[in-house]
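Subject: Structure for you to look over

Dear colleague,

I am handing over the structure we talked about, together with some notes. Please open it before reading on, so that you can follow the residues as they come up.

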Amino acid sequence: MSQLLIEQLEPAGFSDFLRYLDDHLSDNGRGDTAYFQPLPRDASRFPADKAEAFQAGLRTPLGTSGWRRLWVARDADGRIAGHIDLRAHPERHAAHRCLLGMGVDRDFRKHGLGSRLLAHAAQWARDAAGLAWIDLQVLSVNTPAISLYQRSGYVRTGEIPDMFLIDGRHFAYTSMSKRLDSQG
Ligand SMILES: CC(C)(COP(=O)(O)OP(=O)(O)OC[C@H]1O[C@@H](n2cnc3c(N)ncnc32)[C@H](O)[C@@H]1OP(=O)(O)O)[C@@H](O)C(=O)NCCC(=O)NCCS
């Protein structure tokens, strides 16, 4: 796993990334995998309108409304093993903060890639982008992700009970934040 290389994804590589993401999302709520995205089990692919906004964000200058940056980890054959992305908050006057999303392919989990991706994104956010905070939201049932975030310095800031009603089930939504200081 140590040979996995993390690189920033340029807009030209986006269709390759979408194929990986749709495959990743097909696990949502299935088998022993908990729900990790607020999407119904039978519609667990990236919505087309969101994909368009995602791709547009990669071309949007940092610091302007709607910016987004994406990193992927690839194995020696170029296969995407995991991803992490940072994006602007939609609110005004929150340009010192960003929002995070991530995932690791089912074949590459529990080898430390999630931790590596989080460290990579935090370093970029602090050193290259000059941001002060990273925020995220995660389904409260997603305990593997929540424990990973806690180990990486994210602190729970709240929970909205019954945020989503999906496939007849009620899901709470947990908010977490990490302050980017000189220790990263
Ligand atoms: C949550 C997720 C990103 C974690 O990714 P990961 O690469 O498995 O993360 P890590 O390997 O860094 O850590 C996961 C666990 O493996 C353990 N681990 C890390 N390296 C290990 C190794 N070499 N040997 C054994 N265990 C190891 C970690 O200690 C951690 O243990 P824990 O579950 O008891 O806390 C991944 O499970 C995932 O993509 N899930 C579905 C999508 C998702 O939930 N996305 C985030 C919310 S939207």
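What follows goes through the ligand site, then the nonpolar cores, and ends with a single loop residue.

Please keep in mind throughout that this is a predicted model.

The ligand is surrounded by 19 residues, of which Val104, Lys110, Gly112, Gly114 and Asn142 are the closest. Sorted by class, that shell holds 9 polar, 7 nonpolar and 3 charged residues. At least two residues of the shell come from each of β4 (97-104), α3 (113-128) and α4 (143-151), and α4 contributes the most, with 5 residues.

Several polar atoms of the protein can be placed beside oxygen atoms of the ligand. A polar backbone atom of Val104 lies 2.7 Å from an oxygen atom of the ligand, and for His111, again through a polar backbone atom, the distance to a ligand oxygen is 3.2 Å. With Arg151 the side chain is involved, since one of its polar atoms is 3.0 Å from an oxygen atom of the ligand. The ligand taken alone would expose 930 Å², and 71% of that is buried by the protein.

Turning to the interior, the largest nonpolar core has 32 residues, and the members that touch the most others are Leu86, Leu100, Ile134 and Tyr149. Two or more residues of this core are given by each of β2 (68-74), β3 (80-88), β4, α3, β5 (133-139) and α4, with the largest share, 7 residues, coming from α3. If you read this beside the ligand site, you will see that β4, α3 and α4 appear in the list for the shell and in the list for the core.

Ile134 is a useful residue from which to look around this core. When its neighbours within four places in sequence are set aside, Ile134 is in contact with Leu86, Cys98, Leu100, Ala121, Ala122, Ala125, Tyr154, Met176, Ser177, Lys178 and Leu180. There is also a second, separate core, made of 15 residues, and Leu9, Leu21, Ala51 and Leu58 are among them.

Finally, is Arg92 buried or exposed? Arg92 sits in the loop between β3 and β4, and Arg92 counts as exposed because its relative accessible area is 74%, where the cut-off for that word is over 50%. Although Arg92 and Ser65 are 27 residues apart along the chain, their C-alpha atoms are separated by 8.5 Å.

With best wishes

Definitions and conventions:
Residues are numbered from 1 along each chain as its sequence is written. This is a predicted model: local features need pLDDT of at least 70, side-chain atom pairs count only at pLDDT 80 or more; totals for chains, interfaces and linings use all residues. Side-chain values use heavy atoms; hydrogens and water are left out. A residue is near a molecule or strand if one of its heavy atoms lies within 4 Å of it. A polar contact is a pair of N or O atoms within 3.5 Å; within protein, one must be able to donate a hydrogen and the other to accept it, and residues adjacent in sequence count only if both atoms are side-chain atoms. Accessible areas come from the Shrake-Rupley method with a 1.4 Å probe; for residues, only the protein chains shown count as cover. Helices (H or I, at least four residues) and strands (E, at least two) are DSSP runs, numbered from the N terminus. Ala, Val, Leu, Ile, Met, Phe, Trp, Tyr, Cys and Pro count as nonpolar, Asp, Glu, Lys and Arg as charged, and the others, Gly among them, as polar. A nonpolar core is a set of buried Ala, Val, Leu, Ile, Met, Phe, Trp, Tyr and Cys residues joined through side-chain atoms within 4.5 Å. Buried means under 20% relative accessible area, exposed over 50%, partly exposed in between (1.4 Å probe, protein chains only). Contact means heavy atoms within 4.5 Å.
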